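Subject: Handover of a structure, with notes

Dear colleague,

I am passing the structure below on to you, and my notes on it follow underneath. Please read them with the structure open beside you.

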Amino acid sequence: MSTKKAKIQSLSGMHDILPIDQKYFQRVFKAVEGIAHFYNFGRIETPILEDAELFYKGTGADTEIVEKQMYTFRTKGGDAVVLRPEWTPSIVRAYIEHGMQTMPQPVKLWYYGPCFRYERPQAGRYRQFHQFGFEIMGDKSPSMDSQIIQMSYDVLKEARLKNLMVEINSIGDSECRPYFKKNLMNYFKSRRSSLCPDCQRRLKQNPLRILDCKEEKCQKVKTDAPQIINHLCEGCHNHFKKVLEFLDETEIPYSLNPYLVRGLDYYTKTVFEIFENTPEGRLQGALLGGGRYDNLVKTLGGRDTPACGVAGGVERIANVLKTKELKPLKSDDAKIFLAQLGDLAKKKSLKLLEEFRRAKIQIMEVLSKDSLKSQLGMANKLGIKYVLIFGQKEALDREIVLRDMDNGTQETFKLSDIVKEMKKKIKK
Ligand code: HAM
C-alpha cells in the first residue's frame, strides 16, 4: 500500500467561490432580485434533488442534458433521483403540485441556485454552476415573451455588461413543426455523409438539433437547409411577428438566427439567447437562454397551460464582470475598528459588539489579539477611519476612546453613548 497521501481537491468542473469573488456573484444576484421584485415575481426554491422522471419527461429523454449530462443515482430506498440540471421542470412540477393553476394567472416566479451537468469543462462550462431564472405561467400573449427578453437584458445591463446581442428565432408548434421536421430530414438525408457523426445520429432522433451543431463539418450543409421561419403556421407566424414588434419598441439589439433551436425538448414558438460580443469574439456560450414552452405543464400532468421563461448562467456573467474594473456596490465594509486591551475590556467587548450589530453598524474586531499595536496596525492596513480603543481603565470608568486615524485626534466618550455617537459620525 502506498504511504503517499493523495491530495483531496475539488472535483473537476466544480469551484469554490472565494470571498474575493463574492462581489461579482452579489452583483448578479442583486440585479436579478431587484428586477424580479419590480416586475412582481415571487421567489421560489425547489429541492436540488428531484425524481429522475421529471427530467426524462420535462427536459426530454433524447436531449444531450438527459442522455449524457445528468448526475443520476439510486437512493438507499431504490428511487432514481437526479441533481437538477436545470430549474424549469422543477418549477412546473411545483406549479402543478401546489395548485398554482387555481391562482390568478399568470403566475410569475423567479429563482437562483445551483445546477449540475456532467459536461466537459471548458471556458464558461462547469459541472456545478448557478442559474437564475424568471418563469411566467398561464399566459399565451407574445407580450410575455418580450417581457422575459426585456428582463433578461435588463439584468445584464444592471450588472453593467456591454456589447450584448439577443438572438431570436421561432421553432413553431405541434401544428407546423412536424411538417418542417420532415422537410429538414429529407434535406439532411440526401447529405448524410457531409454531417458529423453526432449529427448523423441526430438525423434519426431530431433533425432540428443539427441546426444547432457547432462542428465545422456541418456548417456548410446547414447554410442551405430550409428555415423554419419560412414554414411557420399562421398562429406561430403572428405570434413571432408580435414578439418582434414589442422588441422594436425597446432599445434591445436583436438579430434573427434561423439556426437557433435550443437543446431542450419543451420549447414552442419563441426561443432566444443573449451573448456578449467581444473584439476577440464570443469567449463563452450564451449568458442566458429561454423561450416559450406551451406544452410542458400538460406533459408533466397539469392542465393545458401556456408558459415562457429564461435562465441565466451566473458564473458566465461573473466571468465577464471579472474582466472589468468593478466599482464596488454600496459598501457595507466596516468603517470602525474595536481595539481592546486587557481581560475586563475584552469581556465587555462582546456586549458592546452586539449593541453595534443591533444598531446595524458594521464594526471590525479581532478579539483574540492582545496587543494594541497589532490591532492598530490592522485597522491601518484595512484603511479604517475610526478606531475605538477600549482598555482596562476605560472598562472600569465605563468610557471608550475614539481615535480618528486620518488625523490622529482622540476623544473620550461615555460607553453608553458610543453607539449613538458613531452612528452620527459614519452618517456624515
Ligand atoms: P440552458 O440554455 O440549458 O436553458 O441554460 C441557461 C443558461 O445556463 C445558459 O445560457 C448558460 O449561461 C448557463 N449554463 C448552462 N449550462 C452551463 C454550464 N455547464 N456551466 C455554466 N453555465 C451553464 C435552461 O436551463 C432552461 N431551463 C432555460 C429556460 C427557463 N427556458 C425557459 N425557462
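Before the notes on linings, one convention is needed: Ala, Val, Leu, Ile, Met, Phe, Trp, Tyr, Cys and Pro count as nonpolar, while Asp, Glu, Lys and Arg count as charged and the others, Gly among them, count as polar. Please also keep in mind throughout that this is a predicted model.

On that convention, the lining of the largest cavity holds no nonpolar residues, and it divides into two polar and six charged ones. The residues concerned are Asp62, Glu64, Glu67, Arg201, Arg202, Gln205, Asn206 and Arg209. Two elements, α3 (64-69) and α7 (197-205), each give two or more residues to this lining, and of the elements α7 gives the most, with three residues. The space enclosed there comes to about 70 Å³, and the structure holds two cavities of 30 Å³ or more.

The second largest cavity, with a volume of about 40 Å³, has a lining made up of four nonpolar, three polar and two charged residues. Its lining consists of Asp145, Ile148, Ile149, Thr270, Phe272, Gly291, Arg292, Cys308 and Gly309. Here the elements that supply two or more residues are α5 (142-158), β9 (268-276), β10 (288-292) and β11 (307-313), with the largest share, three residues, coming from α5.

Two of those strands return in the surroundings of the ligand, since β10 and β11, together with β6 (128-137), each supply at least two residues of the shell around the ligand; because helices and strands are taken as DSSP runs and numbered from the N terminus, these labels can be followed along the chain. The element that gives the most to this shell is β11, with four residues. In total 26 residues surround the ligand, and the closest of them are Glu86, Thr88, Glu119, Arg262 and Tyr267. By class, the shell divides into twelve nonpolar, seven polar and seven charged residues.

Which atoms of the ligand lie at short range from polar atoms of Glu135, Tyr267 and Leu287? For Glu135, a polar side-chain atom lies 2.8 Å from a nitrogen atom of the ligand, and for Tyr267 a polar side-chain atom lies 2.6 Å from a nitrogen atom of the ligand. In the case of Leu287 the backbone takes part, with an N or O atom that lies 3.0 Å from an oxygen atom of the ligand. On its own the ligand has 660 Å² of accessible area, and the protein covers 96% of that area.

Turning to the chain as a whole, the protein has 15 helices and 16 strands. Its radius of gyration is 28 Å, well over the 22 Å that the globule rule gives for 428 residues, so the chain is more spread out than a compact globule. Taken along the principal axes, the C-alpha atoms fill a box of roughly 90 × 65 × 50 Å.

Finally, some points of backbone geometry deserve a look. Most residues other than glycine have a negative phi, and most peptide bonds are trans. Against that background, Gln105 and Pro106 are joined by a cis peptide bond, with omega at about 0°, and Pro106 has its place in the loop between α4 (88-97) and β5 (107-116). Arg160, although not a glycine, has a positive phi of about 75°, and its place is in the loop between α5 and β7 (164-170). Asn163 likewise has a positive phi, near 50°, in a residue other than glycine, and Asn163 is found in the loop between α5 and β7.

With best wishes

Definitions and conventions. Residues are numbered from 1 along each chain as its sequence is written. This is a predicted model: local features need pLDDT of at least 70, side-chain atom pairs count only at pLDDT 80 or more; totals for chains, interfaces and linings use all residues. Side-chain values use heavy atoms; hydrogens and water are left out. On a 1 Å grid over the protein atoms alone, a cavity is a set of points where a 1.4 Å probe fits but cannot get out, and a pocket is an open set with protein on both sides within 12 Å along at least five of seven lines; lining residues have an atom within 4 Å of a point. Grid points are joined across faces, edges and corners, and a volume is the space filled by probe spheres set on the points. A residue is near a molecule or strand if one of its heavy atoms lies within 4 Å of it. A polar contact is a pair of N or O atoms within 3.5 Å; within protein, one must be able to donate a hydrogen and the other to accept it, and residues adjacent in sequence count only if both atoms are side-chain atoms. Accessible areas come from the Shrake-Rupley method with a 1.4 Å probe; for residues, only the protein chains shown count as cover. The radius of gyration is taken over C-alpha atoms; the globule rule is 2.2 Å times the number of residues to the power 0.38.
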